[in-house]
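Here's a short set of exercises to work through with the model open in your viewer. Try each task before reading its solution.

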Amino acid sequence: MLDEVATGFGRTGKMFACEHAGVAPDILCLAKGITGGYLPLAATLATEEIFSAFLGEYKEYKTFFHGHTYTGNPLGCAAALANLELFEHEHIVEQMQPQIAYLQKRLNEEFVSLAHVSDVRQWGFMVGIELVEDQASRKNYPPEKRIGHRVILEARKRSVMIRPLGDIIILMPPLTITDKELAMLLDVVYDCIRNVTDG
Ligand SMILES: *Cc1c(COP(=O)(O)O)cnc(C)c1O
């Protein structure tokens with residue numbers, strides 16, 4: 001069983017992250033990007049073998065009696081179908097590849113060498129930039145300094161809304177981001193990390 005709620009629909013540079021690993025799960029959980037984030041919708045996919053195990057006459061009691069109040073919500077499903085169509089017709093995953101390479105290049109060439117960055121992790125359009133007080137010993141900042149929070153507040157002043165997970169700065173740009181916006185995002189985040197951690 002794989003949870004691709006966060007990683008599905010192009011986020012990691014392939015339609016699903018399990019493609020990187022070359023595995024095909026029996027059960028796959030999807031949500032978030034399934035509608036491009038416009039409406040809430042989740043889906044659980046199963047192989048034909050699992051699906052058919054619940055088929056039979058009523059009296060056999062094989063039915064998987066399971067449902068939510070808003071299961072199959074028509075608006076959510078319409079948004080998801082429109083989103084899937086965009087993936088297909090606009091070759092979104094293919095289109096992302098040069099931007100992923102650009103993102104990787106800038107992270108490796110600029111962010112990795114910042115004095116207070118201990119690690120930069122990237123998989124497609126999912127990025128974590130880890131900040132530490134001392135790079136050599138990987139000593140964390142004292143939590144009361146709220147370094148991650150201060151970096152994102154600084155970015156907000158420059159019209160970039162991001163969020164930290166503790167002292168890890170998270171970048172999850174929309175798949176529709178333009179080249180210019182991506183460059184601006186990286187410029188701002190770079191400056192903010194440098195200003196806050198040097199101060
Ligand atoms: C967001 C998230 C969930 C929770 O999804 P909901 O639709 O909000 O319940 C589960 N797993 C992962 C990996 C997530 O990122």
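**Exercise 1: the ligand site**

Start from this contact: an oxygen atom of the ligand lies 2.6 Å from an N or O atom in the side chain of Lys32. Now work out which residues surround the ligand.

Before solving, some ground rules: this is a predicted model, where local features need pLDDT of at least 70, side-chain atom pairs count only at pLDDT 80 or more, and totals for chains, interfaces and linings use all residues. Residues are numbered from 1 along each chain as its sequence is written, and side-chain values use heavy atoms, with hydrogens and water left out.

*Solution.*
- Step 1: collect residues with a heavy atom within 4 Å of the ligand. You get Asp3, Val5, Ala6 and Lys32.
- Step 2: look for polar contacts (N or O pairs within 3.5 Å). Besides the Lys32 one, a ligand nitrogen sits 2.8 Å from an N or O atom in the Asp3 side chain.
- Step 3: check the cover. On its own the ligand has 390 Å² of accessible area (Shrake-Rupley, 1.4 Å probe), and the protein covers 41% of that.

**Exercise 2: the cysteines**

Find out how many disulfides the structure holds.

*Solution.*
- Step 1: recall that a disulfide is a covalent bond between the sulfur atoms of two cysteines; the cut-off here is sulfurs within 2.5 Å.
- Step 2: the Cys18 sulfur is 12 Å from the closest cysteine sulfur, in Cys29, so that's too far for a bond.
- Step 3: the count is zero disulfides.
- Step 4: add burial (under 20% relative accessible area, 1.4 Å probe, protein chains only). Cys18 is buried at 10%, and Cys29 is buried at 17%.

Key:
A polar contact is a pair of N or O atoms within 3.5 Å; within protein, one must be able to donate a hydrogen and the other to accept it, and residues adjacent in sequence count only if both atoms are side-chain atoms. Buried means under 20% relative accessible area, exposed over 50%, partly exposed in between (1.4 Å probe, protein chains only).
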